Each structure stands twice: as structure tokens, then as C-alpha cells.
Amino acid sequence: MQDAGRGALSIRGIVISAVLAAVAILLGATRVGFIPTPTGIAATIMHVPAIIGGVLEGPVVGAIIGTIFGVYSFFYATVPMFKDPIVAIAPRIFIGIFAAWTYWSLRRMSELWAIVLAAIVGTATNTVLVLGFGVARHYLPAKVAWVVGITHGIPEVVVAVILSVAVLLPWKRAHRGQARARV
Amino acid sequence: MNEFELLRNITIGQYLPADSYLHRLDPRAKILAAILVIAAVTFTPSLVGNACLLAAALALVRVGRIPLAYALRGLVPAVPLLVLLAVMQLLFFGRNYDPTSSVVFQWRWLAVTIVVTAAVLKLVVVSAARFIELLLVTSVFTLSTKTTELTLGIESLLRPFRRLRVPAHELALVVTIAVRFVPTLALEAERLMKAQASRGGRFGGGRWHFVTRVRQLLPILVPLVTYALRRGEELIVAMEARAYTGGTGRTAYTVLASGPGDWLAVCIAAAFLAAMLLAPFPA
């Protein structure tokens with residue numbers, strides 16, 4: 001990409017950020033991205049597009065998707081905690097960045113494990129930072145945050161890993177020409 | 001069949017046409033003013049300050065000529081969550097939050113002690129007030145700004161940062177494409193859900209069936225993301241074929257023009273933020 005060298009966003013970066021941000025917005029707007037859990041607080045998979053964007057196109061794209069997702073969730077939040085820009089926007093910027101760094105540092109070892117760990121790190125970034133800022137802003141007592149972190153963090157990690165691997169592994173293989181039809 | 005109608009339930013960029021000062025405001029000035037007011041709400045911890053902010057938010061709704069009921073639509077589904085938040089804060093914070101504060105209420109039963117201090121009560125009120133204020137401010141902003149105005153405003157505001165290699169035009173384009181893609185993807189998601197349903201797939205199920213829900217969702221989500229990426233690849237080829245070169249040297253069809261009236265709004269918002277941060281509120 002010739003304009004990637006100029007420091008600006010490449011065409012690929014622009015479009016992939018946009019379509020994945022659109023997926024995140026769609027998951028939020030249609031409530032498809034919220035999975036109800038027995039505790040009453042929904043687990044979310046809305047952060048997965050940021051992870052996928054970070055793995056595919058690097059930290060900048062991941063940060064852009066996360067920021068758009070954060071701004072959207074701030075503007076249309078119905079949960080009091082997420083109607084606070086510090087809790088809603090700031091943590092989301094880092095999801096894609098940390099996921100991309102994890103993937104980059106591990107991809108030489110194994111493509112699969114790099115994606116798995118990127119999904120785990122990205123989801124953990126979201127959960128830890130959102131709950132951390134929630135505690136810092138006094139929306140949640142620390143004890144409750146721990147419980148929510150464990151009861152929601154773990155299912156979110158599992159779903160994020162499955163979704164990221166299911167999307168990214170075939171996509172990467174197909175683009176490298178390694179994909180084979182299997183019956 | 002209601003569950004398949006995704007497109008109809010999407011609320012993004014809901015513009016409410018009206019002839020008001022806020023609707024006519026230059027989007028750049030409006031974005032800056034909104035950021036300042038949101039900052040004022042976010043960083044004001046006092047009761048009196050929040051009363052002022054609530055009054056200011058209501059005044060904004062009035063200035064924007066938006067029906068109050070319309071601006072407060074988000075409040076009804078949030079009431080149970082507000083109550084939950086208040087109960088949680090009352091039950092769990094106790095003396096951990098500001099131990100010097102006086103105890104208002106104490107209740108002991110076996111090993112369980114519930115202590116409510118004045119500081120926690122204040123926290124509950126401020127959290128709820130802050131939510132309502134932000135709800136009003138963000139509603140007024142989204143209801144009085146078109147998405148095209150918003151992207152133009154973002155691009156124009158980021159332009160001075162081009163020297164720091166911030167791609168202003170490209171970021172505005174990302175927002176435009178994202179907003180444009182949401183309905184397309186919603187249609188595709190509907191198609192995928194119907195395809196699953198026609199093969200016997202079922203959606204829904206209560207909160208006790210988390211694993212089932214996830215297993216139902218994955219056959220929708222994986223193809224949806226892949227579809228988005230594939231459409232993205234097509235768009236990349238289309239843009240490259242048309243020699244898209246980014247923002248340098250590009251002129252715009254719509255040129256934003258702002259007058260003193262627009263920057264007055266920013267000045268008022270800045271003065272308001274300064275007043276909120278510096279005023280020695282008694283409580």
C-alpha cells in the first residue's frame with residue numbers, strides 16, 4: 001500500500017476498521033452482542049471486532065475500532081455505569097492494541113495460539129479496564145467487581161476465543177493460499 | 001417473526017429535524033461544546049454541582065426544541081438498572097468508602113452488617129443524577145446532529161493534528177463507511193438468522209441457557225464477520241481501482257462556515273466547565 005508509508009491510514013486500514021466497527025455497532029444496536037447470563041448482567045461479545053481488527057491489521061486499526069465501539073456504547077448506553085465516558089470509551093481503545101501486540105509477538109511460534117492468546121488478552125483488557133475504571137469511579141465496590149470479573153470474564157473469554165479463531169484462522173489461511181477444501 | 005427484524009430496531013444517528021439554535025450550530029462548535037459539557041458532568045462530584053448540571057441539561061433540551069419525553073426515552077429501560085446500582089452501592093460500600101463520613105443507617109443480622117453512611121447516600125444520588133444528565137446531553141447531541149455533519153465536524157476538528165500524522169480525512173471516512181455498513185450488515189444478519197431458522201435453528205432462550213445461546217449465536221456471528229470482511233475486500237479493490245489517494249489536496253462539496261454565534265456556544269460551555277470545576281460547592 002503506497003500511502004501506508006506516509007504514516008496515514010492505508011485504504012485497507014480504513015475499510016477494515018470501518019466494516020468491523022460496523023459489526024460492533026450492529027451487535028450493540030440489535031442487542032445480538034449481549035448474551036444474558038444467570039446473574040442478570042449480560043456478557044458481551046461486542047469487543048471481538050476490535051480483537052479481529054487488531055490481529056488482521058495491527059494496533060492502529062484495533063484502536064480505531066475500539067474507539068468507535070466505545071463512543072457508540074457511551075452514546076447509546078442504558079446501563080448507568082456505561083454512561084460515563086471514562087468507563088465506556090477509555091478502556092475500549094486498548095482492546096485492539098493489546099490484542100495486536102500479543103498476536104505480533106507470538107505469531108512466529110504458532111498462528112493458532114497467537115490468535116487464541118490475542119483473544120484472551122483483548123477480552124481481559126476490556127473486562128479488567130472496564131471493571132477497574134468502574135471501581136475507580138465508585139460505580140462498583142471492589143468485591144462485586146471481582147465476582148463480575150470471574151462470572152462474566154471467563155465466559156466472555158471463551159466466546160471471544162471461539163469467534164476469533166473461527167473467523168481469523170480460515171481467513172488468514174485463505175489469504176496465504178494455504179486453505180484446502182475439506183469434506 | 002419479530003426477532004428477525006434487526007434493521008427496524010437500529011437506532012444510529014437518529015436525527016430529529018427542528019429549527020433550533022442547536023440544530024443550526026456549526027458541527028465543529030457543537031462537538032467541542034458537547035465534549036466540554038460531558039467533561040463537566042463527568043468531573044463534578046458534588047450535589048449542588050449536579051443540581052446545576054441537571055438544570056443546564058434541561059435547558060439544553062429546551063434550547064434544542066426537543067420534546068423532553070423524547071430526550072428521556074432511554075430512562076425507562078434504565079430504571080431497574082439504576083435501582084440495582086443504588087442497592088449495590090448502599091449494600092456494599094459501607095465504611096470502605098470515605099470512613100470519616102457519619103453513619104446514617106445501620107442494620108445487623110447475625111454476621112451481616114449493613115452500614116449506610118452520608119457519603120454513600122451522596123454517591124447514590126450523584127451517580128443517578130450524572131446518568132440522567134449524560135442521557136439528556138447525549139440525546140440532545142445525537143437528535144440535533146446529522147451523521148454527515150458529525151463526520152465533517154470530526155474531519156475539520158482533527159485537521160490541525162495532521163502535522164502529528166493524525167489522518168483526519170481517513171478517520172472521518174472510517175466513520176462514514178461504518179455508519180453506511182450497519183444497515184447492510186443488519187440485512188445480512190437477518191438473512192443468516194432466517195437461513196438458520198429455516199433449517200430448524202432456534203433463537204432466544206432464557207438467561208439460564210448461556211451455553212445454548214452461545215451455540216445458537218456462533219452460526220450467525222462467524223459468517224457475519226466473514227461477510228463483513230469480504231465486503232470490505234471488495235470495497236478496498238473498488239477504492240484502489242478508482243485511485244483513492246486519501247485526504248491530501250482534497251476539496252469538499254460541503255464547506256463548513258462558522259460565525260461568532262457558533263463559537264459563543266463553545267465559550268459558554270468552556271466557562272460552564274471552568275465554573276463547575278472551580279466553584280467551591282458546599283456539598
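I count two residues as in contact if their C-beta atoms, placed from the backbone, lie within 7 Å. The model I am reading is predicted.

**Entry 1: helices 2 and 6 of chain B**

I started with helix 2 (residues 27–42) and helix 6 (residues 118–144) of chain B. Their axes come within 10 Å and cross at roughly 175°. An angle over 145 degrees counts as roughly antiparallel, and helix 2 of chain B is therefore roughly antiparallel to helix 6 of chain B. Next I listed the contact. Helix 2 of chain B brings Ala34(B), Val37(B), Ile38(B) and Val41(B). Helix 6 of chain B answers with Arg130(B), Glu133(B), Leu134(B), Val137(B) and Phe141(B). By class I get 7 nonpolar and 2 charged residues in this contact, with no polar ones.

**Entry 2: helices 2 and 5 of chain A**

I then turned to chain A. Helix 2 (residues 48–57) and helix 5 (residues 90–106) of chain A pack with their axes 8 Å apart, at an angle of about 40°. Helix 2 of chain A is therefore oblique to helix 5 of chain A. The crossing of these two helices is right-handed. On the helix 2 side of chain A, I find Ala50(A), Ile51(A), Gly53(A), Gly54(A) and Val55(A). On the helix 5 side of chain A, I find Arg92(A), Ile95(A), Gly96(A), Ile97(A), Ala99(A), Ala100(A) and Tyr103(A). The residues of this contact split into 8 nonpolar, 3 polar and 1 charged.

**Entry 3: where the chains meet**

How many residues does each chain give to the contact? I read 49 residues from chain A and 61 residues from chain B. Helix 1 (11–29), helix 3 (59–75), helix 4 (85–88) and helix 7 (142–176) of chain A each supply at least two residues of the side that touches chain B. Helix 1 of chain A gives the most, with 15 residues. The side of chain A that touches chain B holds 38 nonpolar, 6 polar and 5 charged residues.

**Entry 4: nonpolar cores**

The largest nonpolar core has 92 residues. Which of its residues touch the most other members? They are Ala21(A), Ala22(A), Val23(A), Ala24(A) and Ala178(B). I followed Ala21(A) further. Leaving out residues up to four places away in sequence, Ala21(A) touches Pro49(A), Ile65(A), Ile68(A) and Phe69(A), along with Val174(B) and Ala178(B). A second, separate core has 31 residues, including Ala34(B), Ile132(B), Leu134(B) and Leu273(B). Ala34(B) and Leu134(B) also appear in the helix contact of my opening entry.

**Entry 5: positive phi**

Most residues other than glycine have a negative phi. I looked up two residues with a positive value. Phi of His138(A) is near 65°. His138(A) sits in the loop between helix 6 (111–136) and helix 7 of chain A. His138(A) counts as partly exposed because it has 18 C-beta neighbours inside 10 Å. Arg165(B) has a positive phi of about 65°. Its place is the loop between helix 7 (147–158) and helix 8 (168–198) of chain B. Is Arg165(B) buried or exposed? Arg165(B) has 9 other C-beta atoms within 10 Å, so it is exposed.

**Entry 6: Asp26(B)**

My last stop was the loop between helix 1 (21–24) and helix 2 of chain B, where Asp26(B) lies. Asp26(B) is buried because 22 other C-beta atoms lie within 10 Å. Leaving out residues up to four places away in sequence, Asp26(B) touches Leu256(B), Ser258(B) and Asp262(B). I also checked Gly259(B), 233 residues from Asp26(B) along the chain. The C-alpha atoms of Asp26(B) and Gly259(B) are separated by 8.3 Å.

Conventions:
Residues are numbered from 1 along each chain as its sequence is written. Chains are lettered from A and ligands numbered from 1 in the order in which they are written. This is a predicted model: local features need pLDDT of at least 70, side-chain atom pairs count only at pLDDT 80 or more; totals for chains, interfaces and linings use all residues. Axes are lines fitted to C-alpha atoms, for helices over the stretch in contact, and angles run from 0 to 180 degrees between N-to-C directions. Helices (H or I, at least four residues) and strands (E, at least two) are DSSP runs, numbered from the N terminus. Angles under 35 degrees count as roughly parallel, over 145 as roughly antiparallel, 65 to 115 as roughly perpendicular and the rest as oblique. A crossing is left-handed if the near helix is turned anticlockwise from the far one by less than a right angle, and right-handed if clockwise. Ala, Val, Leu, Ile, Met, Phe, Trp, Tyr, Cys and Pro count as nonpolar, Asp, Glu, Lys and Arg as charged, and the others, Gly among them, as polar. A nonpolar core is a set of buried Ala, Val, Leu, Ile, Met, Phe, Trp, Tyr and Cys residues joined through C-beta atoms within 7 Å. A residue is buried if 20 or more other C-beta atoms lie within 10 Å of its own, exposed if 12 or fewer, and partly exposed in between; C-beta atoms are placed from the backbone.
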